[in-house]
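Trainee: I am new to this structure. May I ask how each label is earned?
Mentor: Go ahead. Here it is.

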Amino acid sequence: MSDKPILFISDLHLEPGRPDISQAFFSFLDAFAVKAQALYILGDFFNLWLGDDHVTELSTQIAGKLHALSNAGVAIKLMHGNRDFLMGESFAQSCGAELIQEPYLLDAFDQQILLLHGDVLCTRDHDYMSFRQMVRDPKWQQEFLSRPIDERIEFATKARKQSQSMSSNKAADIMDVTPADVTKTMLKHNIITLIHGHTHRPAVHEHPKVYESAVRMVLGDWDDGGWYISWTPEQLFLHKIDSPVISDGNSSLK
Ligand SMILES: [Mn+2]
């Protein structure tokens with residue numbers, strides 16, 4: 001097996017109104033991803049995804065860049081987030097990528113790592129958990145995707161407003177992962193390393209209740225800069241990318 005790094009990113013929230021984030025992502029591809037063996041995109045890659053049939057200038061541009069990376073020999077894996085859970089096989093194909101389902105056990109360098117977007121761990125947010133159950137139901141998705149695009153846009157706008165007004169009344173810890181569920185999940189999958197995003201709280205946490213060396217690495221969202229994790233036979237590392245100049249920040253938070 002190749003010793004080239006495996007990279008992880010999440011929460012870029014790509015959208016037409018933020019061409020700077022798309023640009024940072026393209027610089028990241030050219031500077032780092034092209035030297036990797038695989039790139040795992042762990043959800044909320046797009047700020048909003050209303051169906052693969054809703055082709056936009058942005059989606060076409062991103063698919064083109066990813067497909068070029070795939071042609072260069074980098075395996076690309078796409079996991080759903082809470083904003084782009086409707087990303088489908090057809091879009092994945094246009095990126096030369098593979099859709100992966102969470103929880104995803106990644107086996108490499110003689111070790112197993114568990115990958116999640118992270119929203120399933122935020123179990124104290126009951127409103128969100130019931131919304132999630134609804135929209136992840138294949139029947140709901142099929143019905144939703146059969147609606148005209150302007151109806152889908154209307155639904156998404158309403159859902160966003162509702163979630164924003166609900167979030168503003170919630171305590172900060174409710175919006176974070178539930179520690180007991182992290183322990184349970186790690187023990188259930190028998191792993192000592194978990195990588196997720198979603199919470200926008202980049203950090204490396206120790207989880208001694210799981211195992212003395214157990215860690216949970218949390219990717220950050222992309223805004224002024226970006227975040228990625230690299231995994232090589234030697235180490236796992238959380239990197240901050242400073243913007244506008246892309247550089248290997250080496251800011252391990254561990
Ligand atoms: Mn998310």
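Mentor: Start with one pair: Val204 stands opposite Met217 in strand S9. This is a predicted model, in which local features need pLDDT of at least 70, side-chain atom pairs count only at pLDDT 80 or more, and totals for chains, interfaces and linings use all residues. Residues are numbered from 1 along each chain as its sequence is written.

Trainee: What makes S8 and S9 a pair?
Mentor: Two strands pair if DSSP finds at least two bridges between them. S8 and S9 (residues 215-218) have four bridges, in the antiparallel sense. They qualify as a pair.

Trainee: What order do the strands of the open sheet take?
Mentor: The order of the five strands is S5-S6-S7-S9-S8, with mixed pairing.

Trainee: Why do S5 and S8 stand at the edges?
Mentor: Strand S5 (104-108) and strand S8 (203-206) each have a single partner strand, so one side of each lacks a neighbour in the sheet. From one strand to the next, the twist averages 25°. Axes here are lines fitted to C-alpha atoms (for helices, over the stretch in contact), and angles run from 0 to 180 degrees between N-to-C directions.

Trainee: How many helices and strands does the chain have?
Mentor: The chain has seven helices and 11 strands. Both are DSSP runs numbered from the N terminus: helices are H or I with at least four residues, strands are E with at least two.

Trainee: Why is the chain called as compact as a globular protein of that length?
Mentor: Its radius of gyration is 18 Å, close to the 18 Å that the globule rule gives for 254 residues, so the label holds. The radius is taken over C-alpha atoms, and the rule is 2.2 Å times the number of residues to the power 0.38. The C-alpha atoms fill a box of roughly 50 × 40 × 30 Å along the principal axes.

Trainee: Why is Asp44 called buried or exposed?
Mentor: A residue is buried if 20 or more other C-beta atoms lie within 10 Å of its own, exposed if 12 or fewer, and partly exposed in between, with C-beta atoms placed from the backbone. Asp44 has 29 such neighbours, so it is buried. It lies in the loop between strand S2 (38-42) and H2. Asp44 also has a positive phi of about 50°, although it is not a glycine.

Trainee: How is Asp11 classed, buried or exposed?
Mentor: Asp11 has 26 C-beta neighbours inside 10 Å, so it counts as buried. Its phi is positive too, about 55°, and it is not a glycine. Asp11 is in the loop between strand S1 (6-9) and helix H1 (19-31).

Trainee: What makes Asn71 exposed?
Mentor: Asn71 has 9 C-beta neighbours inside 10 Å, so it counts as exposed. It is found in helix H2 (residues 57-71). In the chain, buried residues make up 31% of the 254.

Trainee: How do you know that Asp44, Asn82, His117 and His198 gather at one spot?
Mentor: UniProt lists these four for "binding site", in an unreviewed entry. They span 155 residues in sequence, yet no two of their C-alpha atoms are more than 8.3 Å apart, so they gather at one spot. UniProt positions use the numbering here, feature names are shortened, and annotations may be inferred rather than shown by experiment.

Trainee: What does His198 contact?
Mentor: Contact needs C-beta atoms, placed from the backbone, within 7 Å. Leaving aside neighbours within four places in sequence, His198 contacts Asp11, Gly43, Asp44, Gly81, His117, Gly118 and Asp119. His198 has 26 other C-beta atoms within 10 Å, so it is buried. Its place is the loop between strand S7 (193-196) and S8.

Trainee: Why is Asn82 called partly exposed?
Mentor: Asn82 has 19 C-beta neighbours inside 10 Å, so it falls between the two cut-offs. Not counting residues up to four places away in sequence, Asn82 touches Asp44, His117, Asp119 and Arg132. Asn82 lies in the loop between strand S3 (75-79) and helix H3 (89-94).

Trainee: What makes the bond from Glu102 to Pro103 notable in your list?
Mentor: That peptide bond is cis, with omega near -5°. Pro103 is in the loop between strand S4 (98-100) and S5.

Note on methods
Two residues are in contact if their C-beta atoms, placed from the backbone, lie within 7 Å.
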